[in-house]
Structures are given as C-alpha cells and as structure tokens.
Amino acid sequence: MKNINGKIKLAAGLALALAALGVLALTPLRRSFAQIGGSALFSPGLESIIKARELTPGDVEAALKTFVPPGSYDDYMMFASGGQAGNVLVFGIPSMRLLKNIPVFSQDSWQGFGVGDHNTRDLFNQGKAAGQVQTWGDVHHPALSVTKGLYDGEFLFVNDKANGRIGVVDLRDFKARQIVKNPLIATNHCGAKVTQDTEYYVEGAQFGNPLPYTDFAPLSRYKEDYRGLVTFWPFDRSAGKLVQDKSFTVELPPYWQDLGGMGKGVSHGWVFINTYNTEMAWPDSSQGKPPIEIAASQREMDYMHVIHWKKVESLLKAGKIKTKTIKGMRVVPIAEAVRQGVLYNIGEPKSPHGCDLNPDGRFIAVSGKLDPHATIFSFHKIMKAIETKNYEGTDPYGIPILKFKDTVEAQVELGLGPLHTEYDDKGYAYTSLFLDSAIAKWTLDKGPRGEKPWTLVEKLSVHYNVGHLTVAGGDTAKPYGKYLVALNKWSLDRALPVGPLHPQNLQLIDITGEKMQLLSDVPTVGEPHYAAIIKADALKPWKIYPEIGFNPLTGKKSPTATLPGKERVVRDGKNVHVYMTAIRSHFIPDRVHVKQGDHVYVHLTNIDRAQDATHGFALSSYNINLSIDPGATVDTDFIADRSGVFPWYCSEFCSALHMEMMGYLTVK
Ligand code: K7E
Ligand code: CUA
C-alpha cells in the first residue's frame, strides 16, 4: 500500500491535476475531457486502474503530464551525453522516450558507424590521438549551436574528455560530421560551450601536461614544464566544421581547467573558466605522496580564469599580440596574455566545478564541490576591479588576482556538494547538490514571487547523487523553463536490478509551479553528464537526403554515387570496384565473384526515395555492416583474404521481401 491518505484525497487530487493540465496539448481529433464531460473522468474503469496500481493523486498528475498519446510528439528534445559510451542520446520530453543514439566517438553497428564504412574511417582518422585511432570517447558536455545566444537547432558539439577531442554533429541528419583533436592536450573538459553566435567553440584543458602532451617532461617538473590552456576553435557554419588553422590558444597555468562559462549579453567577449588543483599536485603514492583527491584539495581557494577572448581576437587580427606556434596551433604565452590585459584570476572556493552565467550575462554562479554555497560573481564588479587594477598580487605565473570580496555579488548557502547551475524563464536559478542528492532552487537579485534576493527557496530530493542538471534552454539568453532534468550518478534501488552495473538515472522535474514536482525516473545507458533541451520545433531535420548519391559526411554528392542502370563491376588488376544500388527489395549487382587477395571496394547507393527506407549491407565474416539511408551513398573496402562463400544481406528490415534482399560474395 503506497499512500492511504492519497486514496482518500484521490478524487479531489485528480480533479486538481486535470485542472492544472489546461495546458495539455490535444490534437483536434482528440476529444478533450471537457468535451466528453467531466464525469467520464471518474469512470469505474479509471478508478479501478488507479486503485489497482496504488497511485496517489501526485502519481496520476505526473502520469498525465508526461503522457504523450500514441502517434503524438514530444514538445522538446533533449541531447544527453552518453559519457564513456562515446555517444549522444536523444530523448523526447516530457515522455522521456529515447528517440536516437548518435554515435560520435564510438562504434555503432546499427548505424553502420565504425564497422567498415569510409566516412567513420575518415572521422576516426581525423580524431587520432598521439597517432592512434581511438574507437571510444568520454562525452561530457553537449553544446547546441546558438544565434544571438539562442538555440538555432543547426549543430551540436560534444567534447571527448579522455582524448582531448571535439565532435561536431549536423542536426540536419543527426550525424557526426567532424572530429578534431587538440594536438596540445591529452584531455579536455570545459570544452563545454560556444560563444553567443557560435563564432567559437571553446575548449579548456583538463589534466596538465607539457605543451604538446606528446613531449615528455617528468612529473617532478610539473610546475615548470606542464601547462593548461584554452583553445578557441572558429566554427565555419556553411562547412559545418571547426577550423584548426584559424584557431587560437591562450596558454594557462597547469591548474586543472574544469568548466567554462561563456560570456553573453553584457559579458559577451569574455569567458570564465574554473580551475582546481591550484596546488599543482601530482600523484606518486610510491613516494609517500597523498592521493590526488587530498593533495589537490588543500587550498581554501582555487582560481577562476577571466579571459577577454574578444580582445585576443582583435589583437591577433591587428598583428599586435605575440604568439608561438606549437604543433600548428597559435599559442599566446601566459606572460603575453598578462601584458595585454586579457587574462586574470579570481579566487573561488573550493575545488570549483560549475561556472554558469545567468541569461543576461550579469552574474556567474560558481559552485565549490567542497563549499556549501553558490558564489555569485558580478561581471560589472569584475570589470571595475580590472579597470582600477585592484589586485591582490599575482599567481606563480604572474597572472593578476582580482580581490574576491570586490568581485562577489552574493553567496547563497545551498547544501552539500553543489555542482552545476542553470536558470529558468522566471528568474530562478537551480543548482545540483551531489552530496545532498537534491536540486536547490534559489533567487538571483530579484525574487520572482516577491522572495528575498539571493535566497534558497526550495530543495527537492532526487535519487541519487546528482551531477549536472539541465533546464530547457537553461544555458541560453532566454531559457524556456518548464522542465528540469536531474542527471543522477547513482540509481541504487530506482530500477529493477540488472546486475552489478546499475543504470544511470535521469529524473524529469516540472518547474512550472511554485513547488518543483518530480515526474518520472528514466534509467538509461552510459553516463550522461550534461544535457541540453531544445524546443522540438527549433529543429528542421531532413527526412531523406536531398539528392540521390549524397555523402552524409562531406555534405556533397559522392563521386561514387551510382544511378539506376549504371551499376557495374570495374576490375583494375587486384582492385575490384563494385558500384551497387539498393532498392526494396534487391541489390544490383547481387553477385560478386573475386579471387582470394583481391582488394574489393563496394560503393553502395540507396536509390529509394521513400522516407524510412534505409537499407543495410551486412557482409558475413568480414566485419562489415553498412547502413544506407534513402539517397545516401556509402563506401567500404576490404581485402578478400579468405576464400569461401559469403552472403550479404540487408540488415535493416525494410519490406515483406526483406530476407530476399541479399547477394553472394564468392572468393576463390
Ligand atoms: Cu560535472 Cu565532466 Cu560536467 Cu560530469 S562534469 S557531473
Ligand atoms: Cu533493405 Cu531490408
């Protein structure tokens, strides 16, 4: 029995719930409750379901708020990182149904990603780290492209913390279009966000290393020879690519850069980057050194870097700033950045993590993992301190330190383990509390419902140990509000047991009311760190590719596109090129015969123009599965090094005659 009182209050609660749902979207064909008459609500059938499932009024309300009737769509889409699964998960909100998995750094055989196709091969080659292809990544922070600080629905950027890389996803086809590797750093983290018109994607380092990381320097020379950095990658929208040779990097001390908050509105042109381990500790337990978690948490304060990137950009254009080139990257040395007045530090408590600007860019909320407060810095005060050169000395690298008390606007006591902050459309801020397992809601300089400024107004328990949270549009200049998702690190008892590795748990929370309301639990795969929620109608994805023979990676017609009637096999010595088409329900050609040792190239065009008529090309025993969407051309090649008979077939169930959609490769 779940809630005895609940049952007594049920009828009233249900009526209330439904009243609150005046906002419930009803398509014209669906009859509203009002139309069918209120009494139908309390039909014996409905009541018996509620009783049998022991639902409280709150449960019923949550169910109705998240229910998206069959055939109807969600209003929002959430892009959640898949963490060490190396992908991005796309959910519909409020239903929290999983709509797609976008592979970026990891293989995915469903989408023919990394199992033989040339496009993934090219992407993975772009993303080599220290010369080696990486077939996985650790995705932390999805960032949607913005125009004037608002999501424009065109691109998604994700960082790979493990290998210091960035992936670009084109939201016309929800496919990875580029992977870039920063040649200077082994790992990244604050590669979180883009500037307010997506001029740059901003990537900060994580763990210090020599610049470049592929040069050796002993850890005993950590302070002298190791460094951090922030790299500004210009984004060419028409090409959908980050442009390395126009990028610039500001060298930073070997503190561990963590997360970055992007200036916007009044603070556009500036970026704020948290650091921890300003102790510059490095691990060596064999020498009796304390573990890093202790050694890197000695100081009461770490530093937030304050960087005027807009000024660096214009100095570079004017040729007025000294740079050095390392591994093809333009790097502004720390001393030069200080001399030009583009780099400052501010003390921030303690082992900071989130660094999040409010929608109009006036305030920066910083959470110290080991401090119970959110510390709110004022951009205005920071500017004033810089103007008046009101410093409290410099750090060991000569970077001026602005005075904490002169730059802080407020500190709000929230609870234990505060991490990340986002904002809603009403003027509230929300901070995740890892140790408290809660979401704290607090006011900025004005209380939207007349509350005191800078005050905690509510805490909602979540389950358990929340990392990031995300509010719909919550990092933009104009949040949508409405929904918040807590991305929890532990799920413990929240899902049916599925072995010792528990799922991660996402929790959908309604933030429209005076009190936050937990709506649903969504156990999921990988470790979603951060997520971004966009209005579904802000996206305009393709339903099929615009022309036959389209290469999704290049965005152009493929030179190997094959039109119907032009299918052929071209032999050139040991090279055999097969120009193949696929259409329901056959391949042409459907028989390929080669000699052992031949190098076989298959260029496969899906000439179907019907939506959803994707075909597969699964070649037995050669570790190849292609997925060819309507209109696309996909290429693969392999050495036919084993003799035998190898059927291929369409691995996507596309028609009643599906199992007949096959062919034979024979190798003699
Ligand atoms: Cu807090 Cu890498 Cu954004 Cu995870 S990070 S929680
Ligand atoms: Cu095409 Cu199955």
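This is a short talk on a ligand site, the nonpolar cores and one buried aspartate in a predicted model.

I'll start with the ligand. Which residues are around ligand 1? They are His140, His141, His189, Leu259, His353, His420, Gly467, His468, Lys489 and His529. By class, that shell divides into 8 polar residues, 1 nonpolar and 1 charged.

Next, the cores. The largest nonpolar core has 44 residues, and the members that touch the most others in it are Phe79, Phe157 and Leu242. Strand S5, residues 150–160, supplies the largest share of this core, with 5 residues. There is also a second, separate core of 34 residues, with Cys190, Tyr222, Leu316 and Leu343 among them.

Back to Phe157 for a moment. Setting aside residues up to four places away in sequence, Phe157 touches His141, Pro142, Ala143, Ser145, Gly167, Val168, Val194, Thr198, Tyr201, Phe235 and Leu242. Two names there have come up already: Leu242 was listed with Phe157 in the largest core, and His141 is one of the residues around ligand 1.

Last, Asp160, which sits in strand S5. Is Asp160 buried or exposed? Its relative accessibility is 0%, and buried means under 20%, so Asp160 counts as buried. What does its side chain reach? The partner is the backbone nitrogen of Asp138, at 2.8 Å. Apart from neighbours within four places in sequence, the contacts of Asp160 are Phe105, Trp136, Gly137, Asp138, Arg165 and Asn188. Asp138 therefore appears both in that contact list and as the backbone partner, while Asp160 itself is buried at 0%.

That's what I have; questions are welcome.

Definitions and conventions: Residues are numbered from 1 along each chain as its sequence is written. Chains are lettered from A and ligands numbered from 1 in the order in which they are written. This is a predicted model: local features need pLDDT of at least 70, side-chain atom pairs count only at pLDDT 80 or more; totals for chains, interfaces and linings use all residues. Side-chain values use heavy atoms; hydrogens and water are left out. A residue is near a molecule or strand if one of its heavy atoms lies within 4 Å of it. Ala, Val, Leu, Ile, Met, Phe, Trp, Tyr, Cys and Pro count as nonpolar, Asp, Glu, Lys and Arg as charged, and the others, Gly among them, as polar. A nonpolar core is a set of buried Ala, Val, Leu, Ile, Met, Phe, Trp, Tyr and Cys residues joined through side-chain atoms within 4.5 Å. Buried means under 20% relative accessible area, exposed over 50%, partly exposed in between (1.4 Å probe, protein chains only). Helices (H or I, at least four residues) and strands (E, at least two) are DSSP runs, numbered from the N terminus. Contact means heavy atoms within 4.5 Å. A polar contact is a pair of N or O atoms within 3.5 Å; within protein, one must be able to donate a hydrogen and the other to accept it, and residues adjacent in sequence count only if both atoms are side-chain atoms.
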